[in-house]
Amino acid sequence: MERGPSPRIREGDCAVLKRGDVFKAVSVLRRRKIIFEKQWFYLDNAIGHIYGTTFEVTSGGNLQPKQEVEETTTEAKEAGTDNRNIVDDGKSQKLTHDDIKALKDKGIKGQEIVQQLIENSTTFRDKTEFAQDKYIKKKKKKYEAIITIVKPSTRILSTMYYAREPGKINHLRYDTLAQMLTLGNIHAGNKMIVMETCAGLVLGAVMERMGGYGSIIQMYPGGGPVRAATSCFGFPKAFFDNLHEFPLSQVQNLLCGTLRAEAEESALLQEESNGLSEEKQQETEEPAAEAPMEISPAEEQDAVDIAAGDVECKENKEKENKDNVREKQIKQWERRKKLKEAAALLREKNADGLIVASKFHPTPLLLSLLEFVAPSRPFVVYCQYKEPLLECYTKLRERGGVINLKLSESWLRNYQVLPDRSHPKLTMSGGGGYLLSGITVLLERGSADCSNSEALKVEEPSSKRCKLQDLPC
């Protein structure tokens, strides 16, 4: 099967810079200075090239595509048998720090600097072949300013966040995220409920897997959803047409049928308009008129011009304030409309799956949100710690309405794969969190109402209570 043309870098795209194992998400804009791994450059020359192209930073911060040079070695490398006689006394390199700096100032490329370091090293030929390759790789990483621009994806962004800012995504590792997408049966055409506090990374992963088909309802705490990581994916606008949002504070009102979204939104709009009117009053009260003294005709003309300018400034401010009020009213109207649409979708109670990955305790969240999921549908809950999921597991067993409950922990180890030296890496992740997964089934209404009323109460399981009652006095 023939593959389509590779996507090209365009201005305004969201791209990811890669250097070794380090990633950074940026927006592709002209004449914008980018600082990455102690290097500064501009992305102007990268526009139009294919994603995955490797660039070299030249003088002036310009990017030039790196030409791959095939190393043709006709002669065998001169290498030692072992490294036992090599002493690291700091005197093996003839080039000093000033010499290397002078080479950089002359504009010599990093590849040539590495070659000179090799030629001026007295111990390089005594090292083994593996040690020589390691030395060259280390020096290239230090002196060669090479950057690869790749297209953002779930794996790249999850790796980037886990390495740079793991606290923002609740220490959610990329292999655990992949298991969540698999256990949640995420595919195009689904109607998914996503509750996450991972900066929008889980939401972006679900949107990428669904490909713009289906609908997603994002449950958010606080004043609004956080989608910092979602914006890094660079989704087209069509992907956001079927993305809805609903506040967690209104879930109980929706379940009880007492949702008053319009009243709350109108009250919020009234508060904002009152705040704007107060600001206007403060602005009009600020200028104080002083009693004029004896002035000359020229000064009087200047005062008239200043007064006319003040009137124009006031009129411009009033127009700007009116425009701001209109924009806020339009935004509030759109927000009310989206809230109504999300509430209508939730009232149907036929969601195809539920994904929870938040910093809050999962038990009350899961017991409330499972009411909106249709029977025979999967759900997945992520937590950095095991104990909250154990409590959630116990509550679900008491409540019923779920089968195939599983509490699992993912384990990951990276390997170095090289000729004659493949082995596990010395450093590995200590833990990737825990997952609680299961499948919903039809629950009788009587038992469901009883379980919902006692969802937030913390008590012992019924099996333990029975055992305690059966004990002889």
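**Figure 1. Helix α5 and its buried residues.** Welcome to this predicted model; we start inside helix α5, where Tyr-174, Asp-175, Thr-176, Leu-177, Met-180 and Leu-181 are buried. The partners that these buried residues of α5 pack against are α4, α6, β11, β12 and β16, the last of which covers residues 434-440. Follow the chain just past the end of α5 and you reach Asn-185, which takes a positive phi of about 55°.

**Figure 2. Helix α4, a packing partner of α5.** The buried residues here are Thr-154, Ile-156, Leu-157, Ser-158, Met-160 and Tyr-161. They pack against three strands, β1 (14-19), β2 (22-27) and β7 (146-150), and against the helices α5, α6 and α7.

**Figure 3. The largest nonpolar core.** In soluble globular proteins, nonpolar side chains tend to be buried together. Here the largest such core has 34 residues, and Met-180, Val-202, Ile-216 and Ile-355 have the most contacts inside it. At least two core residues come from each of α4 (154-164), α5 (174-183), β8 (191-196), α6 (201-210), α7 (228-232), β11 (353-357) and β12 (378-383). Helix α6 gives the largest share, with 7 residues. To get a feel for the packing, look at Val-202: leaving out residues up to four places away in sequence, Val-202 touches Leu-172, Leu-177, Val-194, Glu-196, Ile-355 and Ala-357. Another core, of 33 residues, lies apart from this one, and its members include Leu-254, Leu-366, Leu-370 and Val-373.

**Figure 4. Helices α11 and α12 side by side.** Two packed helices are described by the angle between their axes and the distance between the axes. For α11 (residues 362-369) and α12 (residues 387-399), the axes come within 9 Å and cross at roughly 35°. This crossing is right-handed. On the α11 side, look for Pro-362, Thr-363, Leu-366 and Leu-367; they meet Pro-388, Leu-389, Glu-391, Cys-392, Lys-395, Leu-396 and Arg-399 of α12. Sorted by class, the residues of this contact are 7 nonpolar, 1 polar and 3 charged.

**Figure 5. Helices α2 and α3, another packed pair.** Helix α2 spans residues 110-119 and helix α3 residues 129-143; their axes lie 9 Å apart, at an angle of about 140°. That angle makes α2 oblique to α3. The crossing of the two is right-handed. From α2, the residues Gly-110, Ile-113, Val-114, Leu-117 and Ile-118 meet Tyr-135, Ile-136, Lys-139, Lys-140 and Tyr-143 of α3. The contact between α2 and α3 is made up of 7 nonpolar, 1 polar and 2 charged residues.

**Figure 6. A close look at Gln-64.** You will find Gln-64 in strand β6, which covers residues 63-65. Gln-64 counts as partly exposed because its relative accessibility is 39%. Setting aside neighbours within four places in sequence, Gln-64 is in contact with Asn-45, Thr-54, Phe-55, Glu-56 and Thr-58. Gln-64 and Ile-146 are 82 residues apart along the chain, yet 9.6 Å separates their C-alpha atoms.

**Figure 7. Stepping back to the whole protein.** To finish, here is the setting for the close-ups: the protein has 14 helices and 16 strands. Of its 473 residues, 36% are buried. Among contacts between residues at least 6 apart in sequence, 71% join residues at least 24 apart.

Note on methods. Residues are numbered from 1 along each chain as its sequence is written. This is a predicted model: local features need pLDDT of at least 70, side-chain atom pairs count only at pLDDT 80 or more; totals for chains, interfaces and linings use all residues. Side-chain values use heavy atoms; hydrogens and water are left out. Axes are lines fitted to C-alpha atoms, for helices over the stretch in contact, and angles run from 0 to 180 degrees between N-to-C directions. Helices (H or I, at least four residues) and strands (E, at least two) are DSSP runs, numbered from the N terminus. Angles under 35 degrees count as roughly parallel, over 145 as roughly antiparallel, 65 to 115 as roughly perpendicular and the rest as oblique. A crossing is left-handed if the near helix is turned anticlockwise from the far one by less than a right angle, and right-handed if clockwise. Contact means heavy atoms within 4.5 Å. Ala, Val, Leu, Ile, Met, Phe, Trp, Tyr, Cys and Pro count as nonpolar, Asp, Glu, Lys and Arg as charged, and the others, Gly among them, as polar. A nonpolar core is a set of buried Ala, Val, Leu, Ile, Met, Phe, Trp, Tyr and Cys residues joined through side-chain atoms within 4.5 Å. Buried means under 20% relative accessible area, exposed over 50%, partly exposed in between (1.4 Å probe, protein chains only).
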